[in-house]
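Visitor: I have a model open and want to talk through how its parts are arranged. Can we start with the terms?

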Amino acid sequence: MGGPQVSLIVSDNSPLNLLIRVGLAHVLPKLFDQVLIPCEVANEMRHPKAPQAVRDFLAAPPAWLHIRSPQTMLTLPQLDAGEAAAISLAVETSSILLIDEQDGRAAALEHGLQIVGAIGVLERAANEGLITDLQQVHQKIRTLRFHVSDAILDRSLTRHLAFLHHRP
């Protein structure tokens with residue numbers, strides 16, 4: 001990321017939730033200059049049914065995590081409040097959007113956003129040497145109640161191994 005360009009990422013609940021649960025949320029500020037979540041996502045993360053690790057994370061959020069409401073909410077009735085707010089905030093701040101849910105991804109693309117999912121962030125972190133064993137991380141993800149296909153994990157690992165193989 002050369003030059004003065006600032007990279008912002010806005011996260012929806014699901015991918016940040018996964019990164020926290022696998023113990024790798026700390027890679028976000030190493031990959032992006034600013035990490036934002038809307039208040040709606042913060043509220044979802046504080047919900048009593050959210051995993052304890054996620055509630056603990058938000059009870060004392062790291063300095064790199066910024067919670068901010070979008071000034072204007074887009075009308076996205078097919079999405080939950082957190083997804084709609086994350087898309088609205090990403091559009092408003094010209095940020096990359098970290099989102100996994102299919103309908104949310106489609107809506108984000110319709111609004112011209114660049115998107116990445118949790119698996120994509122983990123792959124990028126591995127490519128940059130922030131994660132030493134991506135296969136081990138994928139194994140941990142498979143043990144969690146997180147909806148991601150083996151095919152997506154396998155393709156990510158294949159791309160990462162190819163990246164390592166072709167790196168100078």
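Guide: Axes are lines fitted to C-alpha atoms, and angles run from 0 to 180 degrees between N-to-C directions. This is a predicted model.

Visitor: OK, which strands does α3 lie across, and at what angle to β2?

Guide: Helix α3, residues 39-46, lies across β1, β2 (34-37) and β3. Its direction is at about 75 degrees to β2.

Visitor: And α5, what does that lie across?

Guide: Helix α5 (residues 81-93) lies across β1, β2 and β4. Relative to β1, α5 runs at about 165 degrees.

Visitor: Back up to the sheet. What's the strand order?

Guide: The order is β3-β2-β1-β4-β5, five strands in an open sheet with parallel pairing. The edge strands, each pairing on one side only, are β3 (65-67) and β5 (115-116).

Visitor: How many bridges join β1 to β4?

Guide: Three bridges link β1 (residues 8-11) with β4 (residues 96-98), and the two strands run parallel. Ile9 has Ile96 in β4 as its bridge partner.

Visitor: Different topic: helix against helix. How do the axes of α1 and α4 cross?

Guide: The axes of α1 (residues 13-21) and α4 (residues 52-59) come within 9 Å and cross at roughly 100 degrees. Angles of 65 to 115 count as roughly perpendicular, so α1 is roughly perpendicular to α4.

Visitor: Which residues meet there?

Guide: From α1, Asn17, Ile20 and Arg21 meet Ala53, Val54 and Phe57 of α4. By class, that contact has four nonpolar residues, one polar and one charged.

Note on methods:
Residues numbered from 1 in each chain as written. Predicted model: local features only at pLDDT ≥ 70, side-chain atom pairs only at ≥ 80, totals over all residues. Heavy atoms only, no water. Helix = DSSP H or I, 4+ residues; strand = E, 2+ residues; numbered from the N terminus. Parallel < 35°, antiparallel > 145°, perpendicular 65-115°, else oblique. Contact = heavy atoms within 4.5 Å. Nonpolar A, V, L, I, M, F, W, Y, C, P; charged D, E, K, R; others polar. Pairing = 2+ DSSP bridges.
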